[in-house]
Amino acid sequence: MKLPEHVTICEVGTRDGFQIELEFIPTDQKIETVNLLARAGLPRIEVTSFVSPKAIPQLRDAAEVMAAITRRPGTTYSALVPNDKGAVRAVDARVDEIHTVVSASESHNLANVNMTIAESLGKLAATAEVAHRAGKPMYSGISCTFGCPFEGDVPLPQLESVVRRLVGMGAAGIGLADTTGMANPVQVQRVIEHLAPRFPGVEWTLHTHDTRAMAIPNILAAMELGVTHIDASIGGLGGCPFAPGASGNVCTEDLVHCLSAMGIQTGIDLDALIQASERVQAIVGRALPGQIVKAGKWTRKYPLPDGVAARIPAR
Ligand code: COA
Ligand code: ZN
């Protein structure tokens, strides 16, 4: 495989993950989680979202969380917004970057943000103005890039036209989001091979959900085509409350483990990340899907069973 030497991971667990938890995660525990992730060396953290508190009551404390986190030099802190109202709130909360959301599928966009794609793009044009005036880069994620749980296939020309509008608004990067884990590696490469030459200079991010155990294969497929920005979620938290069947993102520590086993740099301290994941499991009060927390790293060795050592032939 031909893979890049360095990958930049954006942690989305405290947004994509905490938004779907049934129990409201107390504000101080959200802050603690963000700080643990920053201390583990995460270069980018999507801390929260500035959306309607009626739509996502779990993140109604977004401003308090942003105000109380410890800003680590070297970590970029962002928040997700669906409209310019959210962007104004995010700028007031001193985000470093604004992340936006729109879906490539009409049905999912209506279910998620109660707007048609065209209405959303109108709001995002206003969002881009807010970001531009505040001097904040805008990164735009596109939900259901690889398929929609209501409509099935999303035609590539439809996806391309959403990308074109967002790039036209000045988006610094585009996130290709597999919201309900429908993508496969061949499809991921087909979509990137279609889009990348048409939009030179755009920074592409792959946002995966591991709903069907294809997240890491999909990420490797994107990396082979030069994608070096990947979203991931501590412990494998996550899911869209408005997309049936959505489950967790690719698990950050599993992804970092996989990349580090292959010698690919992320700048993240895997041991600190595993500890952060253990703490997040305690916070949410259940075991999370991540495998490395259970299995340990591939370098882990076990003591031999009794009597075996003496019988190993000398070399
Ligand atoms: N932050 C806070 N409040 C907001 C807001 C924002 N970004 N955008 C709108 N609101 C408020 C409005 O002021 C209004 O308040 P009021 O009832 O007190 O007057 C209320 O929310 C409804 O606003 P409206 O513009 O009519 O929106 P809506 O009810 O059609 O909802 C969204 C549209 C986009 C605001 C809402 O669907 C939403 O926030 N969705 C987010 C979904 C999400 O985060 N999904 C998971 C991540 S992909
Ligand atoms: Zn997601």
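**Exercise 1.** Which residue follows helix 10, and what is the sign of its phi?

*Solution.* Helix 10 is followed by Gly263, with a positive phi near 80°. Helices are DSSP runs of H or I with at least four residues, strands are runs of E with at least two, and both are numbered from the N terminus. The model is predicted: local features need pLDDT of at least 70, side-chain atom pairs count only at pLDDT 80 or more, and totals for chains, interfaces and linings use all residues. Residues are numbered from 1 along each chain as its sequence is written, chains are lettered from A and ligands numbered from 1 in the order written, and side-chain values use heavy atoms, without hydrogens and water.

**Exercise 2.** Determine how many residues of helix 10 are buried, and what they pack against.

*Solution.* Buried means under 20% relative accessible area, exposed over 50%, and partly exposed in between (1.4 Å probe, protein chains only). In helix 10 (residues 252–261), eight of 10 residues are buried, including Leu255 and Val256. Contact means heavy atoms within 4.5 Å. The buried residues pack against strand 1, strand 8, helix 9, helix 11 and helix 12.

**Exercise 3.** Place strand 1 among its partners.

*Solution.* Two strands pair if DSSP finds at least two bridges between them. Strand 1 pairs in the parallel sense with strand 8 over four bridges and with strand 2 over two. Cys10 has Asp231 as its bridge partner in strand 8 and stands opposite Arg44 in strand 2. Thr8 and Cys10 point one way, Ile9 and Glu11 the other, and all are buried.
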